[in-house]
Structure formats: C-alpha cells, structure tokens
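User: Could you take a close look at one loop in this model and tell me how it sits in the fold? Start with the fold as a whole, then zoom in.

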Amino acid sequence: MPARLSPHTCTEEVSACGSTLFILELEAPRLSSGPVLDHFDRISPADVDRLLRAGKPTTCPLDPCPSWLIRACPDKVRAPLGDIINLSLGTGTFPGELKEAVVRPLLKKTSLDPLDLSNYRPVSNLPFLGKVIERAVAEQLGRFLDETSALDPFQSGFRAGHGTETALVALTDDLRRQLDRGGSGLLILLDLSAAFDMVDHELLDHRLADVGIQGTVLQWLRSFLSGRGQRVALGGELSSHHSLVCGVPQGAILSPMLFNIFMRPLAQLVRSFGLGCHQYADDTQLYLLMDGHPDSAPDTLIRCLEAVAGWLRGSRLKLNPSKTEVLWLGRDDMGLRGQLPSLAGVQLVPAPSVKSLGVIFDTSLSMEAQIAAITKVAFFHLRQAKQLAPYLSRPDLATVIHATVTSRLDYCNSLYVGLPLRLTQKLQRVQNATARLLTGSSLRDHIHPVLYQLHWLPVEYRIRFKVLVLTFKALHGLGPSYLWDRLSWYAPQRNLRSSNKNILKVPGHREVRLASTRARAFSAAAPTWWNALSQETRALQDLTSFRRACKTELFHQAFG
C-alpha cells in the first residue's frame with residue numbers, strides 16, 4: 001500500500017524539460033552494482049525440441065518453408081537449428097535476414113470506414129526461425145530478471161502469475177481500505193500513444209545496463225533491435241522495405257520484456273512522491289490516498305504529475321493528457337473538481353466513471369456499470385450463437401460460447417466479491433441462458449440440474465473460486481508479491497490446535513470498520529474464504545491439485 005502524502009524533495013532536473021532528462025540519463029555511468037548477465041548458456045538438443053514445441057506454428061511469407069514442416073521433422077532440423085541458435089547467442093548477433101516483418105492491416109470493425117487508415121490495426125508477422133532464437137533468449141533473460149527482482153514489482157504486464165486482474169484486485173483493495181478509514185482517493189489513468197513503437201533504443205540500452213545486462217547479452221540485444229524493417233502486405237502484394245529506427249518489434253517475443261525494462265523507472269519515480277502506481281505494459285494507473293476529503297489538490301500530486309510529464313518527454317514517449325482519465329473516490333468531489341492540477345498543459349477533471357484495463361469503475365466502486373456492460377454484450381453474443389446453434393456440433397458451439405460469453409463472465413470476476421444480490425443475479429441470468437443454449441434445455445427446466453450436468457459452478461461460487469486460486473498463488477509464490485503483502489498467516493499468542501492448519505489472519509473490526517469492506521476488499525474477504533476451506537485442501541502444495549479440490553468443495557456447497 002502506498003504511503004500517504006509523505007514529504008518528498010524533488011530535484012529541479014526531475015520536473016524539468018524532457019531533453020535535459022534525456023541527456024542526464026545517457027551521461028550517467030552504466031555500471032551495475034548488483035548481479036549481471038553478460039553471456040548466454042549454450043542450448044542442448046533437448047532445448048531445441050522444447051523451443052520448437054513451445055512456438056505457435058505460424059508461418060511468415062518470408063519463411064523459406066512452412067513452420068509446421070519444421071516442427072514435424074525435429075530429427076532433421078535439431079542439429080542445424082541448435083548450431084544456428086548457439087552461434088547467434090555466442091557471437092551476440094541476431095541474423096539480419098530475420099529482422100524484417102510483414103505487416104497486414106486488419107480493419108478493427110467491419111462497420112468502420114475502410115478508406116480511413118486509422119480504422120486499421122497493423123498485425124506484424126515475423127520469421128519463424130527468428131522467434132525460435134528469441135524464445136531461447138527470453139528464457140534466460142526472463143530467468144535472470146526474476147532471480148534478481150529487476151523488474152518493478154507492480155508491473156503486471158506479460159509476467160507469469162501477473163495480469164490485469166491481479167493489478168486491479170490490488171488497486172481496488174487499496175481504494176476500498178482507504179475509504180473504510182474515512183479517507184478519499186484519486187485515481188489517474190495515463191494514456192500513452194503507440195508507446196511500444198516509440199521506445200528509444202539508446203535509452204533502452206542504458207536501462208538494460210542498469211538492471212545488469214552486459215557483455216555479449218547486451219550486444220545481442222543491440223543487434224536484435226538495430227537494422228529492422230517491415231513491408232506491408234495487402235491484396236497479394238508486398239510494399240517496399242521501410243526501415244524502423246525506434247520501438248520494439250511488434251509481434252516479437254522479447255518486446256514485452258524489453259518494454260517493461262524501459263518503463264521501470266516511471267513507477268519508481270511515482271512512488272518516490274508517495275503515490276501508488278500499478279502498470280500493465282503501457283497502461284499506467286496512479287493513485288493518491290488521502291486522509292479526509294481535501295478541497296484542493298495536494299502539492300505532492302502537483303509535483304508528481306510535473307515529474308511524470310517530464311520523464312515521459314525525456315523518454316521520448318507521447319502522453320495524451322486529453323485522454324487521461326481521473327476518478328475521485330470520496331463522499332464529495334465538488335470541492336476538488338475545479339482544483340485538480342493540469343497535466344502537460346491540460347486541466348484534469350474527475351469523471352463519474354473510468355475504464356481501466358477493460359473494467360468500468362465509478363466513484364463508489366459499485367461495479368454497476370461494469371455488470372450492465374457485461375450482460376448487454378453477453379446477451380448480444382448469445383443471440384448470435386443461438387442462430388448458429390443448428391449448424392454447429394455441441395463441441396463447436398461450446399467453443400463459440402466460451403470465446404464470446406463465459407470468458408466475459410470470468411474476466412476479472414474476483415472484483416465482484418460481495419456484490420449485492422441484484423447484481424450477481426444479472427450475471428447468473430447470463431450463465432443460465434448460456435447453459436440452456438448449450439444443453440438445449442427449455443425455460444421450464446430447473447437450472448440447477450442443467451448447471452450440475454455441465455459441471456459449472458454458479459456465478460457466486462465461480463467468483464469465490466477465482467479469489468481462492470489467487471490466494472493460493474500468492475501464498476505459494478506463484479503470484480505477484482503485492483498480493484502476498486496483503487495476506488498474513490494467523491499466529492496465535494498461545495499454542496493452539498489451529499496454529500498449524502494454514503489459517504490466515506482475518507483483519508479485525510479495528511482494521512476494517514465497515515461490513516461492506518469486509519465483504520468486498522480482497523485483504524478481508526480472501527482470508528475468510530481461505531479459512532473456510534477444509535484443512536486438507538489448504539494443505540495442498542500443487543496448483544492443479546488445489547484447483548481440483550477447491551472446485552469439488554465449492555461444487556458440493558453449491559449443489560449439496
């Protein structure tokens with residue numbers, strides 16, 4: 001949880017012009033005082049087989065042969081592929097022939113004007129062999145970053161055990177606990193334009209060195225980023241070659257990891273001012289927790305926003321202040337509405353609701369707008385699936401329903417903990433209609449036997465299952481540390497029987513005052529539900545075994 005309004009002394013350089021920051025960072029010494037990664041380990045023939053199996057069989061028009069053919073003949077390609085990969089890793093050189101991408105423009109929606117280029121989404125396709133080499137590097141680089149904790153702990157993008165849901169769970173938990181204390185909060189969602197395409201290679205080189213990337217590894221990454229280009233494929237034709245001088249390659253395996261390293265200093269800068277910061281790739285959420293309900297913006301916030309704008313300019317990233325969203329959480333926002341500072345020359349104004357990582361939040365975190373949006377879209381897709389049902393087999397219909405309906409019900413559903421019955425019933429009606437369509441049941445059939453037949457947990461228990469899985473991952477080091485920090489094992493003052501039963505400490509009434517907070521905040525609800533599990537289930541150490549046992553317990557509770 002971030003500190004609240006802690007004093008901070010800001011140097012003039014931090015909030016100065018971006019060019020000054022750019023020069024200062026490049027002139028700083030590049031010596032890492034911690035662990036370093038300066039060479040790659042050679043890969044074995046078994047590693048080559050594993051790398052081939054891990055990749056998706058997508059073929060680029062520039063590939064000399066289909067990727068499925070390479071995967072189908074491991075005995076023939078194992079030795080030459082291993083030699084190519086080890087030569088690349090050993091010399092610190094990425095093959096120049098694999099640096100070109102083929103970009104296909106896809107219309108975002110069929111209803112959009114095809115003559116407007118802004119309505120297209122570029123999809124990049126890279127050579128298959130290049131991705132195999134990338135994956136070998138990504139494994140070793142990712143392992144080094146995890147072992148040294150080099151990435152920011154609150155960066156949730158493209159990291160195992162992390163995701164949009166874990167970031168939003170932690171964010172809402174902080175906000176709910178602050179409101180429970182009688183305080184208020186301010187949430188700011190920064191909007192960046194084409195951030196992945198704007199990464200400055202010289203700055204990235206410096207930030208790689210800061211986390212301990214040196215020697216042959218740094219040389220290889222420089223080679224990987226330099227000399228890149230792309231061609232556009234449209235209507236069976238290829239455009240001329242276009243060179244790329246900045247950005248991380250779209251569609252590359254290493255790009256998210258490199259981007260996380262590039263963005264690492266931003267979160268550290270924000271927290272130095274006492275604000276909280278969660279990131280998912282280029283989606284950055286700043287939040288300030290305040291005691292009481294001030295009628296003017298604290299000086300800390302003003303200086304932080306100036307520093308953030310300066311850092312983004314210095315990092316050659318484009319901030320869209322007009323698209324940056326602000327949400328005030330408290331009893332009254334009228335006093336603060338006209339007192340918020342500006343960001344890059346644009347006055348910030350609180351909105352009645354904001355959308356963060358696909359989830360709609362309002363000023364009371366009621367989730368009503370989110371539930372309404374989900375049910376509307378889900379029923380639309382159910383109507384479409386109903387028209388297709390006569391022409392699809394049951395497995396194919398199940399695939400369509402999962403992709404368009406149930407995946408939406410499950411997305412970030414741990415945020416629906418403790419919702420009023422009227423809201424969970426809306427979600428339950430969607431699930432009921434989905435189950436009836438899949439099984440061919442009529443409205444007169446009781447829904448419980450239908451859900452039981454599909455082995456589907458009802459919505460309420462589905463939410464509880466997600467929270468318990470997140471809790472298990474946090475307790476066993478499979479999730480982000482920022483979730484584990486919200487949990488603690490129960491330590492009785494006397495030696496009781498419960499002391500060795502994997503019980504979590506449930507926050508008391510002095511820590512959490514309101515019943516609504518105890519029901520809805522992750523740090524309060526998760527320990528309560530965890531302790532309600534059987535001792536045998538809590539004692540499990542394997543995630544797969546826990547998921548199976550947990551679902552069985554909840555299934556028995558739901559259906560008897």
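Analyst: Long-range contacts come first: of the contacts between residues at least 6 apart in sequence, 74% join residues at least 24 apart. Keep in mind that this is a predicted model. The secondary structure comes to 21 helices and 15 strands. As for overall dimensions, the C-alpha atoms fit a box of roughly 65 × 60 × 60 Å along the principal axes. The radius of gyration is 26 Å, and a compact globule of 560 residues would come out near 24 Å, so the two agree.

On burial, 49% of the 560 residues count as buried. What is left open to the outside adds up to about 26900 Å², with carbon and sulfur atoms supplying 54% of that. Charge-wise, you have 62 positive and 51 negative side chains, and the centres of those two sets are 9 Å apart.

The domain assignment splits the chain into domain 1 (34-154 + 201-245), domain 2 (173-193 + 263-362), domain 3 (368-446) and domain 4 (461-559). Domain 1 and domain 4 have their centres 40 Å apart, taken over C-alpha atoms.

Now for the loop. The stretch to look at runs between helix 13 (394-410) and helix 14 (421-439), and V417 is found there. S414 has its place in that loop between helix 13 and helix 14, and C412 is also in the loop between helix 13 and helix 14.

Take C412 to begin with. Its phi is positive, about 55 degrees, although C412 is not a glycine. With a relative accessible area of 1%, C412 falls under the 20% cut-off and therefore counts as buried. If you want another case of that backbone feature, go to L365: this residue is not a glycine either, and has a positive phi of about 55 degrees. L365 belongs to another loop, between strand 15 (359-362) and helix 12 (368-388), and is buried at a relative accessible area of 1%.

Back to S414, which is buried too, with a relative accessible area of 6%. What does S414 touch, leaving out residues up to four places away in sequence? The partners are E165, V169, K466, V467 and L470.

V417 is buried as well, because its relative accessibility is just 3%. Leaving out residues up to four places away in sequence, V417 touches I463, V467, A519, R520, A525 and W529. So V467 is a partner of both loop residues, S414 and V417. For a sense of distance, V417 and N502 are 85 residues apart in sequence, with 22 Å between their C-alpha atoms.

Two of the partners of V417, A525 and W529, take us to helix 19, where both are among the buried residues. Others buried in helix 19 include F522, P527 and W530. Helix 19 covers residues 522-532, and 8 of its 11 residues are buried, so the rest of the structure largely encloses it. What do those buried residues pack against? Their neighbours are helix 6 (164-180), helix 16 (459-475), helix 17 (481-484), helix 18 (515-520), helix 20 (535-538) and helix 21 (543-559).

To pull the loop together: C412 is buried, S414 is buried and V417 is buried. From there, V417 reaches A525 and W529, while S414 reaches E165 and V169.

How values were computed
Residues are numbered from 1 along each chain as its sequence is written. This is a predicted model: local features need pLDDT of at least 70, side-chain atom pairs count only at pLDDT 80 or more; totals for chains, interfaces and linings use all residues. Side-chain values use heavy atoms; hydrogens and water are left out. Helices (H or I, at least four residues) and strands (E, at least two) are DSSP runs, numbered from the N terminus. Buried means under 20% relative accessible area, exposed over 50%, partly exposed in between (1.4 Å probe, protein chains only). Contact means heavy atoms within 4.5 Å. The radius of gyration is taken over C-alpha atoms; the globule rule is 2.2 Å times the number of residues to the power 0.38. Accessible areas come from the Shrake-Rupley method with a 1.4 Å probe; for residues, only the protein chains shown count as cover. Lys and Arg count as positive and Asp and Glu as negative; His and the chain ends are not counted. The place of a charge is taken as NZ of Lys, CZ of Arg, CG of Asp or CD of Glu. Domain bounds come from an automatic or database domain assignment.
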